[in-house]
Amino acid sequence: MTVYDTLEKRHVMPRAWEDWAAYRSAWSKWIMRHCERGGSLLIVGAGVCNDYDLEHFLQFFDRITLYDVDEQAMQAAMKRVPQADGARVSCETGDLLGIYPEEYREFCTVIQSEVNRRGKLTDITQLAQTAYMLAQSMYARAVERRVKLVLPQADVVAVSGVHSQINHMLPWIWEAYMQVLGQREKRVFQLASEENSRIAAQINRKLCEAARCGLFVSAEASRAGVPGGVEGAWQALADLKQHTDESTLHVGDTTHFAWGYDLRQNMIYDMEALALVR
């Protein structure tokens, strides 16, 4: 098992449905308040839909499509859909970033091999150079895959807490190795941050292309008690705020929600929500 596989398991949030109740209610109601009844809804990065009230959405929208890289998570979300409404909800899988699990595992295998040779005596500068070159190759392949990405079309598209997660794995893996070694090196983080701007712009274009009438995005403006913006999220918000052309999708309304992501660790985010309308 690689560091990647270990970190992947941490995505499971057993208490999320309970912890996210206030955010889920406020976010879901805000979306519906800006939409006309009927039509279709696409939820991008749906996962298990802990931040969406599917039952209420089914009383408002005619059809709902869940879109995520994790088919198993979406099937778990489907268990909350009333049986009578099941035919009106569909699932589609797709990868927004374009880096595959086997590529993360290969990255970990190479880095782990270097760490195994010298342990805490590992030269962090040389290790970072290896990691940087591997990451560059992974990102280059991912760009081409994202170009080919086509999201399902819907009248309304909703995205919550996704932009910060699209490109979080490589920095997370690198952080894990630095903690083990007790050393710091920033080049992989800097590369990931630079890529986030490109990724945000590409994904936002895909989201706008998928939305016939409106796009609703909620992203982390900040984390309580932690200075600075949230990587991936701040780039996405900055890019979307440039959408001011009245002839296309443009920002028509904004608001903020508190998101109690993990109350046991006091992880609370200030979520900035944008409604892009035609």
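# A walk through the sheet, its helices and its salt bridges

In this predicted model, a good place to begin is Ala219, whose bridge partner in β7 is Glu272. The two strands that carry this pairing, β5 (residues 211-223) and β7, run antiparallel to one another and are joined over 9 bridges. Further along β5, Val217 has Leu274 as its bridge partner in β7.

From this pair of strands the view can be widened to the sheet as a whole, which is open, has 7 strands with mixed pairing, and follows the order β3-β2-β1-β4-β5-β7-β6. Because β3 (89-93) and β6 each have a single partner strand, they stand at the edges, and one side of each is left without a neighbour in the sheet. From one strand to the next, the twist averages 20°. In a regular strand, side chains point alternately to one face of the sheet and to the other.

On its other side, β5 meets β4, and here the two strands run parallel and are joined by 6 bridges. Within this pairing, Val157 has Leu215 in β5 as its bridge partner, so that β5 takes part in a parallel pairing with β4 as well as in the antiparallel pairing with β7.

Helices lie against these strands. Helix α3 (residues 21-33) lies across β4 (154-160), β5, β6 and β7, and runs at about 165° to β6. Helix α10 (residues 187-210) also packs on the sheet, where it touches β1 (40-44), β4, β5 and β7, and its direction makes about 145° with that of β5.

The strands β4 and β5 also take part in lining an open space. Rolling a probe the size of a water molecule over the atoms shows where empty space is left. The second largest pocket holds about 150 Å³ of space, and its lining includes His34, Cys35, Glu36 and Arg37, together with Asp155, Val156, Cys213, Gly214 and Phe216. Both β4 and β5 supply at least two residues each to this lining, and β5 gives the most, with 3 residues.

The charged side chains add another set of links, for a search of the whole structure finds 10 salt bridges. One of them returns to Glu272, the residue met at the start, whose side chain forms a salt bridge with that of Lys241 at 3.0 Å, N to O. This pair links distant parts of the chain, since Lys241 sits in the loop between α11 (233-240) and β6 while Glu272 is in strand β7, 31 residues apart. How exposed are the two partners? Lys241 counts as partly exposed, at 42% relative accessibility, whereas Glu272, at 12%, counts as buried. In another part of the chain, Glu103, Arg141 and Arg145 are joined into one network by salt bridges that share partners.

A further salt bridge brings together the side chains of Arg264 and Asp19, at 2.2 Å from N to O. Here too the pair links distant parts of the chain, with Arg264 in the loop between β6 (250-262) and β7 (267-277) and Asp19 in helix α2 (residues 16-19), 245 residues apart. Arg264 is exposed, with a relative accessible area of 53%, while Asp19 counts as buried at 12% relative accessibility. The side chains of Arg184 and Glu175 also meet in a salt bridge, at 3.1 Å from N to O, and Arg184 is exposed, with a relative accessible area of 55%.

Notes:
Residues numbered from 1 in each chain as written. Predicted model: local features only at pLDDT ≥ 70, side-chain atom pairs only at ≥ 80, totals over all residues. Heavy atoms only, no water. Salt bridge = Lys/Arg side-chain N within 4 Å of Asp/Glu carboxyl O. Helix = DSSP H or I, 4+ residues; strand = E, 2+ residues; numbered from the N terminus. Buried < 20%, exposed > 50% of the residue type's maximum accessible area, 1.4 Å probe, protein only. Pairing = 2+ DSSP bridges. Axes fitted to C-alpha atoms, helices over the stretch in contact; angles between N-to-C directions. Contact = heavy atoms within 4.5 Å. 1 Å grid on protein atoms, 1.4 Å probe; cavity = no way out; pocket = protein on both sides within 12 Å on 5 of 7 lines; lining within 4 Å. Points joined across faces, edges and corners; volume = space filled by probe spheres on them.
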